[in-house]
Amino acid sequence: MVLKAILFDFNGVIVNDEIIHQKLIDELLLRENLPPSGNQYQKFCLGRSDRACIKDILEARGRVIGEEYLDKLIQRKAQDYRRILEEMEKLPSCDRITEFILSLQSRHLSLGIVTGALRTETEYILEKMNIRQYFSVIVAGDDIKTSKPSGDGYLLAVEKLNQQNPSLELKPSECLVIEDTPAGIEAGKNAGMAVVGVANTYPLHLLQRQANWCVDNLMQLDLDWINDTMKANFTL
């Protein structure tokens, strides 16, 4: 067995909440006396951490802010995000994601999450979806200084998995990344990992240009075939 671990992105792969995040970024901009994000949200925010998103989208409008003020903006957005989720009757989980995660249990793979989202947001949603127990590690936006497309988050996940289980001897080449954005796919590749693109946020044909494999739905993944391909010295 070559494949030892699957590392999931969070927003757009597990929870379908990009509409909520764009709404909150637009509200943040309005409070800063700036027009809503429009196409800039896709350019600066999709697949990236709140810190990178807010900093870059403000700079694109000519607004340069310090780290202390940036922290306050991130905190306020996090509070508003939590309030919206608590008011929802049902969380917007991605299609069949729980079914897919449950289908992995017989394969004895290590599962992890690598996300630019805050740890409190990630943990809250996983608990509400009743799937937190399936993930051995979570690398959140709080844990890393660099945002995707840097591969640092994925490499940190490998390090954490090996700390938990030294006998695993996990290497990046033995991991499969699941992402929904070009920035995320690039991050997985930069970490030396094979990447599946799932067309939840971007069209399939666009993701196919970057990812090793692409699917419309994760239940379409043939992990046996992917493992055999990786065994045959698949080159990234």
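The legends below accompany an overall view and several close-up views of a predicted model.

**Figure 1. Overall view of the predicted protein, with ten helices and six strands.** The C-alpha atoms occupy a box of roughly 55 × 35 × 35 Å along the principal axes. The radius of gyration is 18 Å, which agrees with the value near 18 Å that a compact globule of 236 residues would have. Of the 236 residues, 53% are buried. Among contacts with a separation of 6 or more, 63% join residues 24 or more positions apart. The protein exposes about 11200 Å², and carbon and sulfur atoms supply 47% of this area.

**Figure 2. Charged side chains of the protein, 27 positive and 34 negative.** The mean positions of the positive and the negative charges are 2 Å apart. Side chains of opposite charge can pair when their charged atoms come close. In this model, the count of salt bridges comes to 18. Three of the pairs are described in the legends to Figures 3, 4 and 5.

**Figure 3. Close-up of the salt bridge between Lys-4 and Glu-174.** The distance between the side chains, from N to O, is 3.5 Å. Lys-4 belongs to the segment before β1 (5-8) and Glu-174 to the loop between α7 (152-164) and β4 (175-179), so the pair ties together parts that are 170 residues apart in sequence. Are the two partners buried or partly exposed? Lys-4 has a relative accessibility of 23% and therefore counts as partly exposed. Glu-174 has a relative accessibility of 13% and therefore counts as buried, because buried means under 20% relative accessible area.

**Figure 4. Close-up of the salt bridge between Asp-80 and Arg-83 in helix α4.** Both residues lie in this helix, which covers residues 67-87. They are three residues apart, about one turn of the helix. The N to O distance of the salt bridge is 3.9 Å. Asp-80 counts as buried because its relative accessibility is 15%. Arg-83 is partly exposed, with a relative accessible area of 36%.

**Figure 5. Close-up of the salt bridge between Arg-96 and Glu-99, and of a network of charged residues.** The side chains of Arg-96 and Glu-99 meet at 2.8 Å, N to O. Arg-96 is partly exposed, with a relative accessible area of 39%. Glu-99 is also partly exposed, and its relative accessible area is 37%. Elsewhere, Arg-119, Glu-123, Arg-132 and Asp-143 are joined into one network by salt bridges that share partners.

**Figure 6. Close-up of the surroundings of Ile-101 in helix α5.** The helix spans residues 97-103. With a relative accessibility of 0%, Ile-101 counts as buried. Which residues are in contact with Ile-101, leaving aside its neighbours within four places in sequence? They are Phe-8, Leu-111, Ile-131, Tyr-134 and Phe-135. Ile-101 and Asp-216 are 115 residues apart in sequence, and their C-alpha atoms are 16 Å apart in space.

**Figure 7. Close-up of the cis peptide bond from Lys-148 to Pro-149.** Most residues other than glycine have a negative phi, and most peptide bonds are trans. The bond from Lys-148 to Pro-149 is cis, with omega near 20°. Pro-149 is situated in the loop between β3 (137-139) and α7.

**Figure 8. Close-up of His-108 and Asn-130, two residues with positive phi.** Where is His-108 placed? His-108 is in the loop between α5 and β2 (110-114). The phi of His-108 is near 60°, a positive value in a residue other than glycine. At 72% relative accessibility, His-108 counts as exposed. Asn-130 likewise has a phi near 60° and is a residue other than glycine. Asn-130 is located in the loop between α6 (119-129) and β3. With a relative accessibility of 53%, Asn-130 counts as exposed, because exposed means over 50% relative accessible area.

Technical notes. Residues are numbered from 1 along each chain as its sequence is written. This is a predicted model: local features need pLDDT of at least 70, side-chain atom pairs count only at pLDDT 80 or more; totals for chains, interfaces and linings use all residues. Side-chain values use heavy atoms; hydrogens and water are left out. Helices (H or I, at least four residues) and strands (E, at least two) are DSSP runs, numbered from the N terminus. The radius of gyration is taken over C-alpha atoms; the globule rule is 2.2 Å times the number of residues to the power 0.38. Buried means under 20% relative accessible area, exposed over 50%, partly exposed in between (1.4 Å probe, protein chains only). Contact means heavy atoms within 4.5 Å. Accessible areas come from the Shrake-Rupley method with a 1.4 Å probe; for residues, only the protein chains shown count as cover. Lys and Arg count as positive and Asp and Glu as negative; His and the chain ends are not counted. The place of a charge is taken as NZ of Lys, CZ of Arg, CG of Asp or CD of Glu. A salt bridge is a side-chain nitrogen of Lys or Arg within 4 Å of a carboxyl oxygen of Asp or Glu.
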